Amino acid sequence: MNGYRDLRIGLLGCGSVGAQVARLILEHGDELAARIGARLTLAGIAVRNVDAPRDVELPRELFTTDAERLVQGSDIVIELMGGIEPARTLITQALQGGADVVTANKALIAAHGPELSEAAEQVGAQLSYEAAVAAAIPILRPLRESLAGDHITRVLGIVNGSTNYILDRMDRFGDSAEDASRVASELGFLEADPTLDVEGYDAAQKATILASIAFHTEVPVDAVHREGITQITAEQIEAAKSAGYVIKLLAIAERLQAADGTDGVSARVYPALIRRDHPLAAVHEGKNAVFVEAEAAGELMFYGAGAGGAETASAVLGDLVSAARRHVVGG
Ligand code: HSE
């Protein structure tokens, strides 16, 4: 494996996703090097507390608290800290320094995606965030690339794994919302602040990202109509069940055309009644499913793991390999 050029990878954050990303880079190093034509060298992992327990055992010398320095010395930065700051500043610094950036940070992309994409464009760097929506499911790249020649009219689906887990357990096993939430948390599905999931903020962020890519327009996350699942009771779930329905938290983004021909976008998140024979009714536990409707392609469905450390890490690694290949092509 000698002779490969080294690409220095700076990892920011080591939670459930970050730890899996580090593991995959270290464990699959030779395979990835052969596939890329360059070696991915994990230059460091920036964390707040070097001694905090991790999901994966990783060499201690990789850890640092100096995120800025790590960013400065990296060819590709992977941001998995979450939240707006310091992620926004560090990503901007990385891009301005010419590094490619991979992130799973849906809150940041939903709020500041256009500004960060512009920073990337200015220096010819790549900003990618496939893992920000529906974790392991490839959905942003198909929307942006595979369907680039089509006219997408609607994107809808289940894009939050933890609320799907909670509603599914309540529906199929009669679990209480509290019990189901506890397990969803243990599985690493819930956000550090679970309000983001159960009040629909996380799904609204994903709806914004999906809509902006599908419809080539900015969709302000605060303008997305949002209802969560906290008001859903066991009685409602039972009533829906007896009538042949299941309750699912849906995110829907569609093109609208006013009578005068003006284009618009509608984006909303709310718990909806889905008929039990509909494919979305069969999306269980932490799984996600996204339907895309396009003028020529018709209806497409993307299905898979919508949350989880290793599952999300898979999408991060996909973006990482794509960014790394650019360095090799670019010489
Ligand atoms: N909390 C998120 C969810 C994690 O439940 O879907 C994946 O984005």
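In the predicted model, Arg23 forms a salt bridge with Glu27, and the closest N and O atoms of this pair are 2.9 Å apart. Both residues belong to helix α1, where Arg23 and Glu27 are separated by 4 residues, about one turn of the helix. A search of the whole structure finds 20 salt bridges. Helix α1, which spans residues 16-27, is also among the elements that give two or more residues to the lining of the largest pocket.

The strands are described here sheet by sheet. One open sheet is built from 6 strands in the order β3-β2-β1-β4-β5-β6, and its pairing is parallel. The edges of this sheet are formed by β3 (63-64) and β6 (127-128), each of which pairs on one side only. Within the sheet, β1 and strand β2 (residues 38-46) pair in the parallel sense over 8 bridges, and Arg8 stands opposite Thr41 in β2. Strand β2 also pairs with β3 in the parallel sense, over 2 bridges, with Phe63 of β3 as the bridge partner of Ile45. Towards the other edge, strand β5 (residues 100-103) runs parallel to β6 and is joined to β6 by 2 bridges, and here Val101 stands opposite Leu127 in β6.

Helix α4, comprising residues 87-96, lies across β1 (5-12), β4 (76-79), β5 and β6, and runs at about 150 degrees to β5. The loop between β4 and α4 contains Pro86, and this proline is joined to Glu85 by a cis peptide bond with omega of about 10 degrees.

Another open sheet of 6 strands has the order β8-β10-β9-β7-β11-β12, and in this case the pairing is mixed. The edge strands are β8 (225-226) and β12 (298-305), each pairing on one side only. Strand β9 (residues 245-257) and strand β10 (residues 263-275) pair in the antiparallel sense over 13 bridges, and Arg275 in β10 is the bridge partner of Tyr245. Antiparallel pairing is also found between strand β11 (residues 287-294) and β12, over 8 bridges, where Val290 stands opposite Phe302 in β12. These two strands, β11 and β12, form a hairpin with 3 residues between them.

Helices α10 and α11 both contact strands of this mixed sheet. Helix α10 lies across β7 (152-158), β8, β9 and β10, and runs at about 35 degrees to β9, whereas helix α11 (residues 234-242) packs on the sheet by touching β9 and β10, with a direction that makes about 85 degrees with that of β9. The loop between α10 and β8 holds His216, a residue other than glycine whose phi is nevertheless positive, with a value near 55 degrees.

The largest pocket encloses about 1300 Å³ of space. It is lined by 50 residues, of which Gly15, Leu80, Met81, Gly82 and Glu191 are the closest to its centre. The elements that give two or more residues to this lining are α1 (16-27), α5 (106-123), α7 (161-173), α9 (195-198), α10 (201-215) and α12 (309-329). By residue class, the lining of the largest pocket divides into 22 nonpolar, 18 polar and 10 charged residues.

The second largest pocket has a volume of about 310 Å³. Of the 18 residues that line this pocket, Gly113, Pro114, Ser212, Thr217 and Glu218 are the closest to its centre. Helices α5 and α10 each supply at least two residues of the lining, and α5 gives the most, with 6 residues. The lining of the second largest pocket divides into 10 nonpolar, 6 polar and 2 charged residues. Helices α5 and α10 thus appear in the lists of contributing elements for the largest pocket and for the second largest pocket, and α10 in addition lies across four strands of the mixed sheet, namely β7, β8, β9 and β10.

Technical notes
Residues numbered from 1 in each chain as written. Predicted model: local features only at pLDDT ≥ 70, side-chain atom pairs only at ≥ 80, totals over all residues. Heavy atoms only, no water. Pairing = 2+ DSSP bridges. Contact = heavy atoms within 4.5 Å. Axes fitted to C-alpha atoms, helices over the stretch in contact; angles between N-to-C directions. 1 Å grid on protein atoms, 1.4 Å probe; cavity = no way out; pocket = protein on both sides within 12 Å on 5 of 7 lines; lining within 4 Å. Points joined across faces, edges and corners; volume = space filled by probe spheres on them. Nonpolar A, V, L, I, M, F, W, Y, C, P; charged D, E, K, R; others polar. Salt bridge = Lys/Arg side-chain N within 4 Å of Asp/Glu carboxyl O.
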